[in-house]
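Me: I would like a close look at a single part of this structure, set in its surroundings. Please treat one helix in detail and then turn to what lies around it.

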Amino acid sequence: MTAHATPHPAGHTASAAAGRPLMTASGVEKSYRRGIWPARHAQAVLKGANLELLPGEVVGLVGENGSGKSTLMKVLFGELAPDAGTVEHVGRLGYCPQEPVVYERLTCDEHFELFGHAYRMNPADEHTSRRRLYETLGFTRYAGTRADQLSGGTLSKLNLGLALLADPEVLLLDEPYAGFDFDTYLRFWDLVAERRAAGRSVLIISHFVVDEHRFDRIVQLHDGTTHDRPPHDRPSE
Ligand SMILES: Nc1ncnc2c1ncn2[C@@H]1O[C@H](COP(=O)(O)OP(=O)(O)OP(=O)(O)O)[C@@H](O)[C@H]1O
């Protein structure tokens with residue numbers, strides 16, 4: 001369950017109103033141990049990555065396969081501890097991992113109920129949010145279906161819905177729309193636009209150049225460090 005959210009510390013709204021970053025990562029380093037003895041070695045994936053997410057910003061995280069995008073996102077969410085560096089955030093975090101983390105035997109409704117409890121939402125708010133997510137993402141008819149009987153695309157909708165349930169200040173999405181049909185894909189971007197308008201921050205790992213105009217800013221991960229993508233590398237709109 002912690003794959004999708006963290007509790008809600010006090011004082012989050014004041015910071016968003018002041019326009020201070022909702023998330024700041026500085027000097028993040030992370031290595032993985034690889035191989036078996038005597039060839040065991042550490043592979044440095046992040047070598048001082050920095051990231052700042054401001055209220056109302058939708059930021060794209062790009063980089064070639066294996067550059068460390070998912071690793072950075074896991075560190076931002078707190079699923080992985082960095083070897084060095086700091087990550088701070090304000091308010092609630094929503095996280096949509098690349099591989100859906102769900103309970104096979106629970107229905108979609110039961111997932112929302114469970115996550116609503118974990119977020120300490122009151123049941124009426126949870127129901128309203130759940131209904132809206134079913135409608136927006138188009139999977140109301142699967143409310144009573146168990147996760148192990150869902151198609152890949154519907155599972156992705158549930159994964160995203162759980163990350164959005166509690167209206168998090170910071171939303172971290174790891175390739176969230178890979179399995180979506182075109183209508184859902186467009187509705188996904190409507191949801192993202194709503195979050196921007198509400199002063200929330202969204203970080204999205206994306207491989208699609210055609211989506212780059214939808215971001216306010218693009219951060220590229222290369223050789224373990226983050227770089228702002230220069231405007232001239234962006235496609236014309
Ligand atoms: N748990 C792990 N143990 C060891 N190595 C790992 C682990 N997770 C990732 N790696 C390695 O770290 C590097 C970065 O992986 P990561 O998944 O963060 O990259 P990515 O940019 O998200 O890739 P992609 O675009 O293919 O999704 C890769 O070389 C990968 O093999």
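Reply: The account below begins with helix H5 and moves outward from there. The model is a predicted one, and every value is computed from it.

Helix H5 covers residues 152–164. At 1.5 Å a residue, its 13 residues should span 18 Å, and the C-alpha atoms at its ends are 19 Å apart, which agrees. Of these 13 residues, 11 are buried, so the helix is largely enclosed by the rest of the structure. The buried positions are Thr154, Leu155, Ser156, Lys157, Leu158, Asn159, Leu160, Gly161, Leu162, Ala163 and Leu164. Their cover includes strand E5 (93–96), helix H3 (108–118), helix H4 (123–137), strand E6 (170–174) and helix H6.

In soluble globular proteins, nonpolar side chains tend to be buried together. The largest nonpolar core here has 57 residues, and those touching the most other members are Leu72, Leu76, Leu165, Leu172 and Leu173. H5 gives the most to this core, with 6 residues. For Leu172, the contacts beyond its neighbours within four places in sequence are Met73, Leu76, Phe77, Leu93, Gly94, Tyr95 and Leu203.

One of the elements covering H5 is H6, which spans residues 182–197 and contains Ala193. Ala193 has 13 other C-beta atoms within 10 Å; a residue is exposed at 12 or fewer and buried at 20 or more, so Ala193 is partly exposed. Its C-alpha atom is separated by 24 Å from that of His227, 34 residues apart along the chain.

His227 leads to the strands. In E9 (residues 225–228), His227 is the bridge partner of Gln220. Strands E8 (residues 217–222) and E9 run antiparallel and are joined by 4 bridges. The two form a hairpin with 2 residues between them, and in the turn Asp223 has a positive phi of about 50°. E8 also pairs with strand E3 (residues 58–62), here in the parallel sense and over 4 bridges. Gly60 has Ile218 in E8 as its bridge partner.

The ligand remains to be described. Around it are Tyr32, Arg34, Val45, Gly63, Asn65, Gly66, Ser67, Gly68, Lys69, Ser70 and Thr71. Strand E1 (23–34) and helix H2 (69–77) are the elements that give two or more residues to this shell. The largest share, 3 residues, comes from H2. By character, the shell divides into 2 nonpolar, 7 polar and 2 charged residues.

Key
Residues are numbered from 1 along each chain as its sequence is written. This is a predicted model: local features need pLDDT of at least 70, side-chain atom pairs count only at pLDDT 80 or more; totals for chains, interfaces and linings use all residues. The expected span of a helix is 1.5 Å times one less than its number of residues. Two residues are in contact if their C-beta atoms, placed from the backbone, lie within 7 Å. A residue is near a molecule or strand if its C-beta atom, placed from the backbone, lies within 6 Å of it. Ala, Val, Leu, Ile, Met, Phe, Trp, Tyr, Cys and Pro count as nonpolar, Asp, Glu, Lys and Arg as charged, and the others, Gly among them, as polar. A nonpolar core is a set of buried Ala, Val, Leu, Ile, Met, Phe, Trp, Tyr and Cys residues joined through C-beta atoms within 7 Å. Two strands pair if DSSP finds at least two bridges between them.
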